Amino acid sequence: MLDGTTAPVHQLRAARTDLSILAGARPANGPSHFLIRIADATDLVEAYRSLRIGEFVERQGLFDHTDADDADDDPRTVVLVATTPDGTVIGGVRVAPCTAVDIGWWAGSRLVVADPAHAAGVGAALVRAACAHVESAGVVRFDATVQDRYASMFRSLGWQDRGAGPTLRGREHRRMMWPIGQIQRVADSTKSMLADVLSPFSEQPGGLGPSGFRGDDGVPIPDTELIAACDAIIPAMVERDPEWAGWCSILVNMNDLTAMGARSLGVLDAVGAPTRSHLTRIIRGIASAAQAWRTPVLGGHTQVGVHASLSVTAFGHAEHPIPAGGGRVGDTVSLIADLGGSWRPGYHGRQWDSTSSRTADELAQMARLPAGLRPAAAKDVSMAGIAGTLGMLAESSGTGAELDMDAVPRPSAAAMGSWLTCFPGYAMLMADRRAVDDVPGPMTSAACGRLTTEPGVRLRWPDGELTVAVASTVTGLGAA
């Protein structure tokens with residue numbers, strides 16, 4: 001539980017400022033200044049636990065003999081302490097995962113402040129530091145159970161009151177939750193403007209694609225079995241990492257065709273670069289990826305002496321294209337992903353790279369999968385991440401969606417918050433009455449959600465709690 005009251009003060013060595021998480025200054029009755037940092041040494045942790053014994057065991061009598069529990073023995077638990085310049089520990093708090101396998105659900109507990117009459121602001125600073133730490137660690141849900149008398153402080157810091165909690169030896173508690181809005185921010189920054197910006201196209205006959213395919217990354221060309229897709233790579237990436245930009249220009253287009261059940265026929269590229277050397281590196285990346293996916297570069301446009309730019313248009317064939325908007329309420333959501341590889345150097349937490357280590361045969365097998373399964377709806381995971389892309393599939397289908405957090409396939413090296421918001425290399429979301437739970441390697445699949453009546457995306461946790469990841473529609477384009 002998170003509580004903040006009096007306890008003895010212990011002297012320690014001077015705190016190192018290079019590990020600072022949050023520093024605070026208080027006039028009047030507060031300490032002149034203090035530093036909040038990770039307790040990375042045994043003496044810091046022991047001093048924090050001594051404060052807890054003095055407060056929760058001796059003064060409040062909430063526990064007999066000790067307040068230690070399993071979280072203290074969990075190696076994943078992080079303790080944050082507040083220290084004065086001379087190394088005196090004046091408070092602390094711990095944060096830890098709530099499940100044996102970390103699925104992005106953490107809780108804060110055992111908040112203690114030494115002599116709050118002379119340490120005003122330390123408790124609130126510790127709470128803010130705990131929130132900052134878990135968000136930076138990729139946590140998606142952060143809870144605390146606090147004594148009723150401190151609930152108003154948490155509410156003033158932006159926490160949500162989730163109702164009455166347990167009563168422990170006569171002290172009533174409240175369940176509180178810190179609103180982590182990372183998924184909503186990613187969806188808003190990447191897709192929320194589309195409906196407004198693209199409105200001139202929707203006024204044209206056939207604009208934004210034929211009925212049933214609005215919102216798809218690829219589009220059926222009218223009166224044919226051809227599918228077209230087009231993607232541009234952001235200029236900063238083309239400038240900084242030209243070979244990887246070239247690879248990704250093919251990757252994202254192949255994913256678009258794959259999600260629609262289309263077989264690639266070839267691509268056109270449009271490339272600009274400031275120098276011949278830079279241009280060569282971009283082309284080298286495109287050619288390497290095109291060879292890996294066995295798709296020819298049919299032509300395009302190439303220019304030197306200009307700002308770096310890159311876009312690719314891909315063409316494919318599909319007798320029965322799979323729409324993103326074919327889902328219906330009650331459909332099972334399955335995620336198929338390649339969990340191999342690692343974070344791309346320079347893009348940690350944002351781009352997972354599995355494809356560059358795969359053979360052409362493996363890439364071809366992954367590209368054929370959706371066409372063989374023929375689900376009601378499918379969409380490749382884009383820069384909106386798994387949660388945002390699920391929101392787009394649901395929006396196109398005229399539904400909402402739930403994601404079961406303990407069922408989402410995920411690489412062990414990726415924190416849940418990063419995995420739900422990154423570009424994952426190869427990942428496909430499918431909605432159908434049947435689950436997709438058996439796919440050939442190197443892919444992994446799992447039924448991990450469902451389409452619902454309520455718009456947006458909600459995360460379902462093992463305790464039955466539902467939290468909002470995306471409040472409403474993602475693009476505003478509406479049902480396909």
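Here are some notes on the predicted model shown above, going from the whole chain down to single residues.

1. **Overall make-up.** The protein has 480 residues, of which 53% are buried. Its secondary structure comprises 13 helices and 22 strands. If you want a feel for the dimensions, the C-alpha trace spans about 80 × 50 × 45 Å along its principal axes.

2. **Contacts along the chain.** Among contacts with a separation of 6 or more, 74% are between residues 24 or more positions apart. Keep that figure in mind for the salt bridges below, where some partners also come from distant parts of the chain.

3. **Surface and charge.** About 19900 Å² of the protein is exposed, and carbon and sulfur atoms supply 54% of that area. The charges number 41 positive and 52 negative, and the mean positions of the two sets are 2 Å apart.

4. **Helix α3.** This helix covers residues 122–136, and its length can be checked simply: 15 residues at 1.5 Å a residue should span 21 Å, and the end C-alpha atoms are indeed 21 Å apart, so expectation and model agree. The helix is mostly covered, with 11 of its 15 residues buried. Among them are Val 122, Leu 126, Cys 131, His 133 and Val 134, along with several alanines including Ala 124 and Ala 125. Just past the end of α3, Gly 138 adopts a positive phi of about 80°.

5. **Asp 69 and Arg 110.** The structure holds 31 salt bridges, and one of them pairs Asp 69 with Arg 110, with 3.5 Å between the closest N and O atoms. Asp 69 sits in the loop between α1 (42–59) and α2 (70–73), while Arg 110 belongs to strand β5 (residues 105–113), so this bridge ties together parts that are 41 residues apart in sequence. How covered are the two partners? Asp 69 has 27% relative accessibility and therefore counts as partly exposed. Arg 110, at 6%, is buried because that value is under the 20% cut-off.

6. **Arg 284 and Glu 243.** Here the side chains meet in a salt bridge with an N to O distance of 3.0 Å. The pair links helix α10 (residues 276–292), which holds Arg 284, to helix α9 (residues 242–259), which holds Glu 243; the two residues are 41 positions apart. Arg 284 is partly exposed at 47% relative accessibility, and Glu 243 is partly exposed at 26%.

7. **Arg 344 and Asp 353.** A further salt bridge joins these two side chains, at 3.6 Å from N to O. Arg 344 has a relative accessible area of 21%, so it counts as partly exposed. Asp 353 is buried, with a relative accessible area of 10%.

8. **A salt-bridge network.** Some bridges share partners: Arg 49, Arg 52, Asp 67, Asp 69, Asp 72, Arg 94 and Arg 110 are joined into one network in this way. You will recognise the Asp 69 and Arg 110 pair from point 5.

9. **Val 468.** This residue lies in strand β22 (residues 466–470). With a relative accessible area of 47%, Val 468 is partly exposed. Which residues does Val 468 contact, leaving aside its neighbours within four places in sequence? They are Val 457 and Arg 458. Ile 180 is 288 residues away along the chain, yet its C-alpha atom is separated from that of Val 468 by 9.5 Å.

Technical notes:
Residues are numbered from 1 along each chain as its sequence is written. This is a predicted model: local features need pLDDT of at least 70, side-chain atom pairs count only at pLDDT 80 or more; totals for chains, interfaces and linings use all residues. Side-chain values use heavy atoms; hydrogens and water are left out. Helices (H or I, at least four residues) and strands (E, at least two) are DSSP runs, numbered from the N terminus. Buried means under 20% relative accessible area, exposed over 50%, partly exposed in between (1.4 Å probe, protein chains only). Contact means heavy atoms within 4.5 Å. Accessible areas come from the Shrake-Rupley method with a 1.4 Å probe; for residues, only the protein chains shown count as cover. Lys and Arg count as positive and Asp and Glu as negative; His and the chain ends are not counted. The place of a charge is taken as NZ of Lys, CZ of Arg, CG of Asp or CD of Glu. The expected span of a helix is 1.5 Å times one less than its number of residues. A salt bridge is a side-chain nitrogen of Lys or Arg within 4 Å of a carboxyl oxygen of Asp or Glu.
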